[in-house]
Amino acid sequence: MYKKFVLSLLLVIGSCVGFAQTNWILPRVAETMFKPVTFHITKYGAVPDGHQLNTRAIQNAIDDCSKKGGGTVLVPSGLWLTGPIVLKNNVNLNLAVGATLLFTKDKTQYPLVKANWEGYEQMRNQSPISADGATNIAITGKGIIDGNGDGWRMVKKDKLTESQWKKLVASGGIVSKDGRLWMPSEGFAKGQDMKDPGRITPDRDEAHYQLIKDFLRPNLLVLTKCDKILLEGVTFQNSPAWNLHPLMSSNITVRNIQVKNPWYAQNGDGIDLESCRNVLIENSVFDVGDDGLCIKSGRDADGRARAMPTQDVIIRGCTVYASHGGFVVGSEMSGGAKNIYVSNCTFVGSDIGLRFKTTRGRGGIVENIFIKDIYMKDIPGDAVLFDMYYMGNDPVPMEGEKRELPKVQMLPVDETTPQFRNINISNVYCNGAKKAIFIRGLPEMHVKNIKIENSVFQSDIGVDIQEASGITLNNVKVFSKNTKPVIDIINSDNISINKFDYAKETDLLIRVAGDRTKAVTIQQTSYGNTKVKAKAELGASENSVQIK
């Protein structure tokens, strides 16, 4: 089995050789192995009626299994109500067909614990399922794990119909003063009004965290500093915050799972790999309220001090539906991310397709990312996005929402300056997007060395490149509705466009702007479809663009 897996892994890597030559050691994901012994939770007193709380029975089964050398803890078909449980060494938690592990709405069952949220150490409610420092653990089977997240999350009015909103408000909870946000309790509302309310600081005592306990939502599954992890076959759904959060863990296999959240679920990410290494995610489906497949590595000074990049990751054969991004890096990427391969994935209705986001203050380097064979449909925002001005907002503005453009200024480069560089993308086919490609770097730190090739985009707006260097578009077709211009380049340099195709009857093919724009070339391209080939303005020299 292991040899077969390694062979398939090498085949995937081999298919990526065309992107670039690499000199790093290929990842080998060590697999889990369990003793052929089964521990039935019913023998420990568990009752599948959806009413009796089975926390102690399930935990006792897990503990006993681990103490006796490991094996499988079986959750048979039924509705099993439980509080938070902790996985232990050498335990495979297996959910049979028809089994639903339903986590209780009773928040008193979730004690406050030291945890990690969005890259910071914080106090949070204990996660429904967690493990810390465990080795050789798994969650497998055909059942459902339900986090009962609706009782934890706030909801934006703009994301519901009028009747849904009225029903939610009538159920209880608190509505914000502006009438646009529903919150489940007063404690949540108090936390919402504070800055970093969960941060662990010397001036905060137990009373502070208890006051805002409802606000400190847990992630559904958190695996911290664990090794040899398998998630296979199970449906994870309705998480209070993120669904799956492997943190500082290694040798992770995620295969044939489904991850589901309502599309309005605030912070309802699919999977967030944070400071992890040696990971395979394959043949899985994500339909969630925030980012789908997400790479993180800590936030700002905390993430840089941890200094643990997410690296050596293979993602293949996955489908992402509703989400803020299909495949995402950031915005908490302060420890860096590198050596990541993504292939044969489909994004349908994701706000952004390929989403790289960061902001000043993060620091960290994202590099050596190889992406191929990506299929997109009905993308409300950008098909491909690199943005170093991440604002923390939903990627697609709500109706009537006004946003200001960031102030552009040159700042000194230091350890807080983030970097995106050396990223190859090929064989992307997008049928419907607001914008095909958006690249926006910082004046002091451009997005660098991005290659996009052999791709076709159908979009409202074409290509927008700002503050970038070493960008290559090779054999790219962009059929945009807006052709004034198709390609817009601002304060960027060393931009190479080869074999570019675009819509018929185009008004302006390429516009260059800004006095720092230089060395833009476009060649091996037919110009019969355009009224004006190029225009230079706002300080850009006409010599900055060469058409061959």
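Here are four short exercises on the structure above, each with a worked solution.

This is a predicted model, in which local features need pLDDT of at least 70, side-chain atom pairs count only at pLDDT 80 or more, and totals for chains, interfaces and linings use all residues. Residues are numbered from 1 along each chain as its sequence is written, and side-chain values use heavy atoms, with hydrogens and water left out.

**Exercise 1. Find out how many disulfides the protein chain has.**

Step 1: Recall that a disulfide is a covalent bond between the sulfur atoms of two cysteines. The rule here asks for a pair of cysteine sulfur atoms within 2.5 Å.

Step 2: Try Cys226. Its closest cysteine sulfur belongs to Cys276 and is 9.5 Å away, too far for a bond.

Step 3: Try Cys318. The closest cysteine sulfur, in Cys345, is 4.9 Å away, so a bond is ruled out here too.

Step 4: By this rule, the count is zero disulfides.

**Exercise 2. Decide whether Cys226, Cys318 and Trp263 are buried, partly exposed or exposed.**

Step 1: Set the cut-offs: buried means under 20% relative accessible area, exposed means over 50%, and partly exposed lies in between (1.4 Å probe, protein chains only).

Step 2: Cys226 has a relative accessible area of 2%, so this residue is buried. Cys318, at 1%, is buried as well.

Step 3: Trp263 comes to 46%, which means that it is partly exposed.

**Exercise 3. Describe the surroundings of Trp263.**

Step 1: Locate the residue in the loop between strand E21 (258-260) and strand E22 (271-274). Strands (E, at least two residues) are DSSP runs, numbered from the N terminus.

Step 2: List its contacts, meaning heavy atoms within 4.5 Å. Beyond its neighbours within four places in sequence, Trp263 touches Lys159, Val288, Gly289 and Ala322.

Step 3: Compare chain and space: Asp290 is 27 residues away along the chain, yet the two C-alpha atoms are separated by 7.5 Å.

**Exercise 4. Which residues touch the most other members of the largest nonpolar core?**

Step 1: A nonpolar core is a set of buried Ala, Val, Leu, Ile, Met, Phe, Trp, Tyr and Cys residues joined through side-chain atoms within 4.5 Å.

Step 2: The largest one holds 111 residues, and Ile139 and Phe327 touch the most other members.

Step 3: Apart from this core lies another, of 11 residues, including Leu112 and Phe215.

Step 4: Look at Ile139 itself: setting aside neighbours within four places in sequence, its contacts include Leu87, Ile129, Leu221 and Phe236.

Note on methods
Helix = DSSP H or I, 4+ residues; strand = E, 2+ residues; numbered from the N terminus.
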